[in-house]
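Me: I have a structure open and want to learn how to read it. Can we start with one pair of residues and work outwards?

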Amino acid sequence: MNYSRFLTRVSKNRQPSLIRELTNLLSDASPELVFMAGGLPNPQMFPFQAASVTLKDGRALTIHPDLMTDCLQYGPTPGYPPLVKQLKSLVEQLHSPPQWAESDLIVTAGSQDGLCKAIEMMVNPGDYFVTQEPCYTGTLSILNPFKPRYLPVKCDREGLNPTALREILSQWNPEEIRDVEDNVPKVLYINPNACNPTGVSVSEGRRREIYEIASAYNLIILEDDPYYFVQFEKPEDFPPSFLSMDTEGRVLRFDSFSKVLSSGIRIGFVTGPKPLVQRILLHKQVSILHASSLSQVMINELLRIWGIDGFLKHTQSVQEFYRKQRDSMMEAAERHLTGLCEWAVPTGGMFLWLKVPGVVDTWDMILERALKKDVILVPGKAFMCDPSSPCQYMRAAFSVVTPEKMDKGLMNLAELIREEITLQQT
């Protein structure tokens, strides 16, 4: 593929940072190397000596003095080498990418860091941008400063609809725009599993059709998948990722540990075609340099203790917890919102996407009146490409709320909706 077609002028102009490139060499250097190239602080002056973290199973994750130096010193921009090696094994086991030999993986400061840099790599101000709608509000916040011409593809109870995608792209002839760089769509954003905010996943059949459409129109797919490990199906029934069906090198995949290990540890990773991952790497070299060394070492040691099988066993316990949270939320919704709201049962994740047919727009109801009812949600406008249009939806999170609080919150929400309907009728 001609990847230069997808790069912005700024991204094309990026050059490697010599200091960062020299620092990267340290991971393969001889112990006899006298390194006088970089301004590395002397670790003897760091006040931290060692650490031990107790895991919930009682085992200790111990960071001895030599390993503490790795935690505290500048590291390679692609990521802590032992962790990168483990993550590549994980990706290969879970997704078996067809283009694996032509792919690369780098560690980012959370998956959103990688997503932000990918968008900045490929989107010029005023470009067309194809995205599912509703769309994760964080993604829209990245995009909005570019003033893109959104091509929103409506989602239903099965996620992004391929028929709607074909329709919105039908204004172009795919054969005529494959190599065109300006004034045509080049990127498709999708949150395929347990979508934020709808909570639903795209079926395998739809994914294959979406990939075919992306291939026909020569689109890069941004597969933003932070809820991969929080699907409520058995792991063997998970639908295949776009990365796993990418025979052409057109998928950039974004993974996260935030939902299964820690959100504050801020570690994610990007996998995809080497030429695109390399451009993100160059951006990292001059922005964050590298993701937190301490966080990377901690995750690497955890994976070393657990092994991949132990990690996957942990993710299954995470899935079971959120499945029970979902079930409690559904019981409360059935009890209090039947007849007032419409929803699809979440297939994973942390959210319930509610439509209120009797309310024209949930924005003022939530932001101006919900607090008085001791309940707060996110109004649906926050997830729409055009926030000026009325929106009957809202998002409720069930991740940290107890079943008792869910019941109380949705009871209060039902009362708020009834009052809002009455207010609209006066």
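Reply: Start with Leu354, which stands opposite Met394 in strand 13. Keep in mind that this is a predicted model.

Me: Which strands are joined there, and how do they run?
Reply: Strand 11 and strand 13 (residues 393-397) are joined by 5 bridges. They run antiparallel.

Me: What is the strand order in the sheet?
Reply: Two strands count as paired if DSSP finds at least two bridges between them. Here the order is 11-13-12, in an open sheet of 3 strands with antiparallel pairing.

Me: Which strands stand at the edges?
Reply: Look for strands with a single partner. Strand 11 (351-355) and strand 12 (378-379) each have one, so each has one side without a neighbour in the sheet.

Me: Now the whole chain. How many helices and strands does it have?
Reply: The protein chain has 13 helices and 13 strands. Its radius of gyration is 23 Å, close to the 22 Å from the globule rule for 426 residues, so the chain is as compact as a globular protein of that length. The C-alpha trace spans about 80 × 60 × 40 Å along its principal axes.

Me: What share of the residues is buried?
Reply: Buried means under 20% relative accessible area. Of the 426 residues, 52% are buried.

Me: What about contacts between residues far apart in sequence?
Reply: Take contacts between residues at least 6 apart in sequence. Of these, 73% join residues at least 24 apart.

Me: And how many charged side chains are there?
Reply: There are 43 positive and 50 negative side chains. The centres of the two sets lie 3 Å apart.

How values were computed: Residues numbered from 1 in each chain as written. Predicted model: local features only at pLDDT ≥ 70, side-chain atom pairs only at ≥ 80, totals over all residues. Heavy atoms only, no water. Helix = DSSP H or I, 4+ residues; strand = E, 2+ residues; numbered from the N terminus. Rg over C-alpha atoms; globule rule 2.2 N^0.38 Å. Buried < 20%, exposed > 50% of the residue type's maximum accessible area, 1.4 Å probe, protein only. Contact = heavy atoms within 4.5 Å. Lys, Arg positive; Asp, Glu negative; His and termini not counted. Charge placed at Lys NZ, Arg CZ, Asp CG, Glu CD.
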